Amino acid sequence: MTAPALDWRLVSEEARPGPMQMALDEAAAETAAAGGPATIRTYRWDPSCLTLGYRQDPATVDWGFCDREGIDVTRRQTGGGGIYHDDRGDIAYSIAVPAADVPGKLLDCYHLLCEPILDAFARLGIDADYVGESVPELYHPACYLRELHPAHDVVAGDGRDGGGTDGGEADDGGTGRGGGTDGNVGDGGDSGTRPRKIAGNAQYRKRDAVIQHGSLTFAVDAERHLGVFADPPVTSEAFRDRVVGIDELADVDRATAVTAVESALAAWVSESEGATLDRDGSWTDAEVKRAEELVETKYRTDDWVRTRPGANGD
C-alpha cells in the first residue's frame with residue numbers, strides 16, 4: 001500500500017525537546033487539515049524524554065529520577081503506556097495527513113501508515129512483522145511491556161530460544177502480515193526464535209487530520225527505561241528479554257538506520273501515483289510559532305503533564 005495522492009514534504013531528522021516534538025506533530029496536523037502539505041518526518045529527542053500515554057496516571061512516574069537525570073516528561077495525544085526516549089537509542093517518526101484521504105477505520109489506517117516502517121526494517125535486513133500471537137503484559141505503565149497483540153505490535157526475531165515464562169516478544173504495529181523468512185517471527189510460542197518488540201506506533205485524529213507517530217528502538221537502555229517509572233516489578237534482564245534494538249540485529253550505525261527510515265518514508269510517497277514529495281521540506285515560521293505556543297500552553301504545563309485526563313485509565 002502506498003501513500004495517498006497528495007502533496008507531501010519530508011522533514012529530515014531534527015533534535016528538539018520532547019514537548020516541542022509533540023507540538024510540531026500537532027502543528028503538522030493543523031497544516032494538513034487546512035490544505036497544506038502532508039508531512040513525513042524523523043526526529044530526535046534532546047534532552048532525553050519520557051512521553052506518557054494520553055490517559056496515563058502521573059503517579060506511575062519516578063519524578064525524582066527524571067529530575068536527577070535531566071529527563072523531560074511530556075504527555076502524548078496518543079494512548080498507551082509511557083516510553084523513554086533518548087538521542088541514541090530511539091529513532092522517532094511521524095506522519096500527518098488529512099483524515100479524508102486515509103481509511104476511516106482505525107486499524108486499516110494504522111496498517112497503511114505502518115507500511116513504510118516495516119519497509120525500513122526490511123531495508124536494514126531485519127525481519128520485523130506483527131506478532132503472531134498475544135503475549136501477556138509484564139508491566140502496564142510501560143508501552144513496551146504491555147500485552148503484545150497481533151493487530152498492532154511489531155516484533156523482530158533474533159534467534160533466541162523461544163522458551164520462557166512470558167512467551168517472550170515484541171512491539172506495536174498491526175496488519176497481521178505473515179512471518180519472516182524463518183517462519184517464526186510472528187510466533188508467540190516455543191518455536192526456534194523469540195521475537196522481541198522493536199517499535200511502538202500510535203495514532204490520533206485532530207482537526208480533520210490523522211497523526212501517526214512512533215519510536216523505533218535503535219539501542220536498548222533497560223536501566224533508564226525502567227528508571228523513569230515508579231517501582232516497576234520488572235528486572236533489566238526481563239526488559240531486554242522483551243525488547244530488542246536495531247543495533248543487535250543489524251551491523252549499522254544510527255545514522256544509517258535513520259537514512260533507512262527516511263528512505264522508506266520517501267519511497268512510500270514517491271511510488272504513489274499522483275503524489276508529489278518535497279524531499280527538502282521544512283517548517284514554516286508560522287508552524288514553528290504555533291508549536292512554541294503549544295509548548296507553553298500545553299505540552300510543558302503541569303495541567304497537561306501531571307494531571308490525568310478523564311476519569312478512567314487507558
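These are my notes on one sheet and the helices packed around it in a predicted model.

**Entry 1, the sheet.** I looked up the strand order first. Six strands make an open sheet, ordered 10-11-6-2-1-12, with mixed pairing. I then checked the edges. Strand 10 (199-206) and strand 12 (276-278) sit there, each pairing on one side only. I also took the twist: neighbouring strands are turned by 20° against each other on average, direction ignored.

**Entry 2, one strand pair.** I picked strand 2 (residues 38-45) and strand 6 (residues 90-98). They pair in the antiparallel sense, over five bridges. I looked for the partner of tyrosine 43 and found alanine 92 of strand 6 opposite.

**Entry 3, helix 1 on the sheet.** Which strands does helix 1 touch? I listed strand 1 (7-16), strand 2, strand 6, strand 10 and strand 11 (209-217) for helix 1 (residues 18-33). The direction of helix 1 makes about 180° with that of strand 2.

**Entry 4, helix 1 against helix 8.** I compared the axes next. Those of helix 1 and helix 8 (residues 285-299) come within 8 Å and cross at roughly 125°. Helix 1 is therefore oblique to helix 8. The crossing is right-handed.

**Entry 5, the residues in that contact.** From helix 1 I noted, among them, Pro19, Met20, Ala23, Leu24 and Glu30. Helix 8 contributes residues including Val288, Arg290, Leu294, Lys298 and Tyr299. I sorted the contact of the two helices by class: 11 residues are nonpolar, one is polar and six are charged.

Methods: Residues numbered from 1 in each chain as written. Predicted model: local features only at pLDDT ≥ 70, side-chain atom pairs only at ≥ 80, totals over all residues. Heavy atoms only, no water. Pairing = 2+ DSSP bridges. Axes fitted to C-alpha atoms, helices over the stretch in contact; angles between N-to-C directions. Contact = heavy atoms within 4.5 Å. Parallel < 35°, antiparallel > 145°, perpendicular 65-115°, else oblique. Left-handed = near helix turned anticlockwise from the far one by under 90°. Nonpolar A, V, L, I, M, F, W, Y, C, P; charged D, E, K, R; others polar.
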